[in-house]
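Ready for some practice in reading a protein model? Grab a pencil, take your time, and try each task before you peek at its solution.

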Amino acid sequence: MPAAALCCLLTLLPLPGPAAVHWLGAPVDWPKVGLLAFLHACWESLAQGLSTPCLRLAWLLLRRPPLRARRPARPGVNAFFPVLFAGVLMLPPAAAGLAAVPAALLGAAGPGGRRRQVWNGAQLALSAFASSAVFHLLAGPQLLLGSRFPAALLPAFAALAAFCLVNGALVGGMRVLAEGRCPAGRRDGATVVPGLAVLVHAAGGLMLAVLWQGPYGAFAALLALLPLSISAWVFAQGHREREAHQATVRALVQAVEIKDAYTRGHSERVGRAAVLIADQLGMEAERLRTLRYAGILHDVGKLGVATELLRRNGPLTEAERRAVEVHPVHGYELVRGIAFLGEAHAGILHHHERMDGRGYPAGLAGEQIPEFARIISVADAFDSMTSTRSYRRGRPVTEAVAELERCSGSQFDPVMVRALVDALAVHDWQPVLPPPPECIKEVPDIPLGVPEPARAAPAPGPAPGADPGPAPGAGPAPGAVPVQGGGGVPTAGSS
């Protein structure tokens, strides 16, 4: 692709040809190309939350220590489109492609280093070249110089569509070559159909081009960039804030998983299963993000539980059971000061409640249980049943689904169970690989819902070492729901 981009840029040299394509070899306004390239590099850095070339140059001239290298807010994505699109509208195709290159080459080198930067520069150059060519073929420059709006919008929109199509095809093709398969779903930086954000940025580029060619020239265009600059900077800061949130969540989860090798990866899988359920229910995107955090952090309270109790595969005493049962409260206390979790707080606190009111810590029933908690309860139990724990080997997905349906209405919300079943019919769920043989050799292979006589409780009442979840159909008394430990009746439990 770099070779193809270089061939396109060769048309910067005056080329003889028919009048229909005289603009391919038209004289280039080099000051305008240089200024647009510089502005694009500056505003791209701003939109990525990085130091701009101006700031880096000033630091160098003042002989200050080098600025700390930062990771781009959206690596591999062109985050500020207006200046680039203004170049597409005002410059010949090759010059528009050239103006797009410096921002890619001067930006922070992410994964792949220089090779990735060259690729990104070539990709933008080809996209800008094709977009500008379409704009010129539709006589866009003549309309842009006059006042014949909205007639000028048609060539501009066609140029935008061409940019998106070429950019999407190049990124998609490279991913096919790199991954050996057709990329599915949303593709970062490969927008094929212009979305609202792209249309707004394109409108900003059109406004920039019109003002630039007016009586006040580049000065008016720079003034128009100010509000766009603020929005780009705010967007970059918001993206960095979300990254900080994710880093906080990952740190807490890693601390929990270090305590128990059997639950490694469990938190992420519960978050994924919870999102599958909520997606079936049509939950909005912002709540989906919060729900995923709740699912990932549902067991964070186990940081306050003795490691020996979490790893034991034998019975627990009543006091030990109570020590484990309090982990949702510990989790809530740990995260309640983290404001961005919002609704996730209730999900973490109540994910061991039951629909029949025999759960813990508050003994809530039915609709009293927060929606997040009802979703996480199903997701947690499903992953626990399909993965090997210290008290039971993992079971097939079909067995886990049958057990969830059997406990539907008493332990689990039937709506959430049905949503998970429907989601599993569409999305493939692979059970987690078992731990190494040395860890699994003493783990009992117990069918779900079947008591294990060797681990039966020695006294009447709730089994002192029951599985994390209550025994379906024969659950414990209110407020004494079994928790992780190993004895009793292995059932549709959760961690």
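Below are four exercises on this predicted model, each with a worked solution.

**Exercise 1: the whole chain**

Work out how many helices and strands the protein chain has, and what share of its residues is buried.

*Solution.* Start with the count: there are 20 helices and zero strands. Next, look at cover: of the 495 residues, 49% count as buried. Now turn to the outside, where the chain exposes about 22700 Å², with carbon and sulfur atoms supplying 65% of that area. Last, check the contacts: among those between residues at least 6 apart in sequence, 71% join residues at least 24 apart.

**Exercise 2: checking a helix length**

Find out whether the span of helix H17 (residues 371-386) agrees or disagrees with what you'd expect at 1.5 Å a residue.

*Solution.* Step one: H17 has 16 residues, and the expected span is 1.5 Å times one less than that number. Step two: this gives 22 Å, while the end C-alpha atoms sit 23 Å apart, so the two agree. As an extra, look at cover: 15 of the 16 residues of H17 are buried.

**Exercise 3: two packed helices**

Describe how helix H11 (residues 266-281) packs against helix H19 (residues 414-426).

*Solution.* What do you need for this? Two packed helices are described by the angle between their axes and the distance between the axes. Here the angle is about 100° and the axes are 8 Å apart. Angles of 65 to 115 degrees count as roughly perpendicular, so H11 is roughly perpendicular to H19.

Now for the residues that touch. H11 brings Leu276, Ile277, Gln280 and Leu281, and they meet Val415, Met416, Ala419, Leu420, Asp422 and Ala423 of H19. Sorted by class, this contact has eight nonpolar, one polar and one charged residues. Leu276 and Ile277 are also among the buried residues of H11.

**Exercise 4: backbone oddities**

Find which peptide bond is cis at proline 361, and which sign phi has at alanine 139 and glycine 282.

*Solution.* Begin with the usual case: most residues other than glycine have a negative phi, and most peptide bonds are trans. Tyrosine 360 and proline 361 are joined by a cis bond, with omega about 10°. Proline 361 is in the loop between helix H16 (344-349) and H17. Alanine 139 isn't glycine, yet its phi is positive, near 60°. You'll find alanine 139 in the loop between helix H6 (113-137) and helix H7 (140-145). Its relative accessible area is 34%, so alanine 139 is partly exposed. Finally, glycine 282, just after H11, has a positive phi of about 80°.

Notes
Residues numbered from 1 in each chain as written. Predicted model: local features only at pLDDT ≥ 70, side-chain atom pairs only at ≥ 80, totals over all residues. Heavy atoms only, no water. Axes fitted to C-alpha atoms, helices over the stretch in contact; angles between N-to-C directions. Helix = DSSP H or I, 4+ residues; strand = E, 2+ residues; numbered from the N terminus. Parallel < 35°, antiparallel > 145°, perpendicular 65-115°, else oblique. Contact = heavy atoms within 4.5 Å. Nonpolar A, V, L, I, M, F, W, Y, C, P; charged D, E, K, R; others polar. Buried < 20%, exposed > 50% of the residue type's maximum accessible area, 1.4 Å probe, protein only. Areas by Shrake-Rupley, 256 points an atom, 1.4 Å probe, with all protein chains shown as cover.
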